[in-house]
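Colleague: I would like a close look at a single part of this model. Pick one strand, take it apart, and then set it in its surroundings.

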Amino acid sequence: MNALEIKNLTKSFSGFCLDNLNLTLPSGCIMGLIGENGAGKSTTIKLILDLLHKDSGTITVLGQDNQTGASLIKEEIGVVMDEVGVPDCLTASQVGKVMRHTYRNWNDEIYAEYLEKLSIPADKAFKDYSRGMKMKLGIAIALSHEAKLLLLDEATSGLDPVVRDEVVSIFSEFTRDENHSILISSHIVSDLEKLCDYIVFLHKGKLLLCEEKDFLLSQYGIIHCTRQQIQELPPEAIKYKKENAYGVEAMVLREAVPAGINISPVTIEELFVFMVKEAK
């Protein structure tokens with residue numbers, strides 16, 4: 001069973017349209033949503049959670065339609081949004097007591113372990129938390145009620161590099177169980193490159209690609225060459241190029257480049273930037 005299936009999903013606002021989105025997240029995998037501000041990442045997550053009404057298309061979560069199976073889905077999804085919805089007056093300890101009566105499978109022991117692991121003070125009011133501390137509490141909540149799917153919208157935002165690395169390790173550990181999956185959006189593309197099995201590129205509401213990360217990294221590369229050298233390459237090899245006073249930098253399809261030309265690895269961030277420029 002796939003953790004998430006989205007087919008022909010469309011949602012229009014004034015000045016923006018999430019246009020005919022299709023993607024599938026297999027169980028046991030982590031999928032990263034990458035896109036500029038306003039690309040449709042948060043809209044997609046809100047549609048999955050049925051916080052927005054879709055115009056058309058279908059969303060299946062853990063084998064259930066996201067609308068008809070809403071009560072079951074609530075129990076089996078852990079959610080961390082850009083803003084963690086905890087009342088300012090509550091402490092982490094009090095939040096745990098509230099969640100005990102919110103989720104059937106709430107686990108006090110696991111919650112306490114995550115509070116300690118993430119250095120979250122149990123008796124400090126939420127209003128006195130830093131942004132990073134708020135995000136860490138949201139992550140602890142999401143991981144403490146036996147969720148099978150995590151939906152994370154900028155969940156590593158506001159965390160320092162050391163804590164981000166720890167959180168990335170926690171997410172990786174979560175998906176060692178083949179019944180657990182994660183959909184995560186982030187502006188910190190390096191985190192997604194370390195973490196994800198699948199990468200989704202959104203640009204102005206349109207899906208540029210949805211592909212396995214390792215396949216993308218093996219398919220594309222970067223070359224630096226002269227203008228004459230770039231003209232000698234097969235046109236189908238060049239996906240995007242930019243020229244400067246020192247020569248040409250191009251993103252290429254590795255298999256279409258003749259032998260003997262040095263091809264450097266491409267990062268997911270470079271690949272996204274190149275593809276967005278190509279789409280403009």
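Modeller: Let us take strand 7, residues 149-153. This is a predicted model. Five of the five residues of strand 7 are buried, so the strand is largely enclosed by the rest of the structure.

Start with the side chains. Leu-149, Leu-151 and Asp-153 point one way from strand 7. Leu-150 and Leu-152 point the other way. Both sets are buried, Asp-153 included.

Now the partners. Strand 6, residues 77-80, is joined to strand 7 by four bridges. The two run parallel. Within this pairing, Val-80 stands opposite Leu-152. Strand 8, residues 181-185, also pairs with strand 7 in the parallel sense, here over five bridges. Leu-149 of strand 7 has Ser-181 of strand 8 opposite. How does the chain get from strand 7 to strand 8? The path goes through helix 6, residues 161-174. The resulting β-α-β crossover is right-handed.

Zoom in on Leu-150. Setting aside neighbours within four places in sequence, its contacts include Gly-78, Ala-142 and Leu-143. Phe-171 and Phe-174 are also among them. So are Ser-181, Ile-182 and Leu-183.

Leu-150 leads straight to the core. In soluble globular proteins, nonpolar side chains tend to be buried together. The largest nonpolar core here has 69 residues. Leu-150 is one of those with the most contacts inside this core. Tyr-111, Ile-120, Leu-137, Phe-171, Ile-184 and Phe-201 are the others in that group. Helix 5, residues 131-142, gives the largest share of this core, with seven residues. There is also a second, separate core of 28 residues. Leu-183 belongs to that second core, as do Ala-3, Leu-25 and Val-200. Leu-150 touches Leu-183 all the same.

Next, a sheet elsewhere in the chain. Four strands form an open sheet in the order 2-1-4-5, with antiparallel pairing. Its edges are strand 2 (16-26) and strand 5 (64-65), and each of these pairs on one side only. Strand 5 is joined to strand 4, residues 56-61, by two bridges. That pairing is antiparallel too. Val-61 has Gln-64 as its bridge partner in strand 5. Helix 1, residues 41-48, packs on the sheet. Helix 1 touches strand 1 (2-13), strand 2 and strand 4. Its direction makes about 115 degrees with that of strand 1.

One residue of strand 1 is worth a stop: Thr-10. Is Thr-10 buried or exposed? Its relative accessible area is 14%. The cut-off for buried is under 20%, so Thr-10 counts as buried. Who surrounds Thr-10? Not counting residues up to four places away in sequence, Thr-10 touches Cys-17, Leu-18, Asp-19 and Asn-20. Lys-54, Asp-55 and Ser-56 complete the list.

Then the cysteines. A disulfide is a covalent bond between the sulfur atoms of two cysteines. The structure holds zero disulfides. Why does Cys-29 form no bond? The closest cysteine sulfur is that of Cys-196, 10 Å away, which is too far for a bond. The view from Cys-196 gives the matching result: its closest cysteine sulfur is in Cys-29, at 10 Å. Both cysteines are buried. Cys-29 has a relative accessibility of 15%. For Cys-196 the value is 2%.

Further along the chain sits Val-252, in strand 13, residues 247-253. Its relative accessibility is 0%, so Val-252 counts as buried. Val-252 has contacts with Gln-219, Tyr-220, Gly-221 and Ile-223, leaving aside neighbours within four places in sequence. Ala-237, Ile-238 and Lys-239 also touch Val-252. Val-257 and Ile-263 finish the set. Asp-191 is another matter. Val-252 and Asp-191 are 61 residues apart in sequence, and their C-alpha atoms are 24 Å apart.

Last, the whole chain. The protein chain has 10 helices and 13 strands. Its C-alpha atoms fill a box of roughly 70 × 40 × 35 Å along the principal axes. Of its 280 residues, 49% count as buried. Among contacts with a separation of 6 or more, 67% come from residues 24 or more positions apart. Back to your chosen topic: strand 7 is flanked in parallel by strand 6 and by strand 8, and five of its five residues are buried.

Terms used
Residues numbered from 1 in each chain as written. Predicted model: local features only at pLDDT ≥ 70, side-chain atom pairs only at ≥ 80, totals over all residues. Heavy atoms only, no water. Pairing = 2+ DSSP bridges. Contact = heavy atoms within 4.5 Å. Axes fitted to C-alpha atoms, helices over the stretch in contact; angles between N-to-C directions. Core = buried A, V, L, I, M, F, W, Y, C linked by side-chain atoms within 4.5 Å. Buried < 20%, exposed > 50% of the residue type's maximum accessible area, 1.4 Å probe, protein only. Disulfide = S-S within 2.5 Å. Right-handed = clockwise from strand over helix to strand, strands pointing away.
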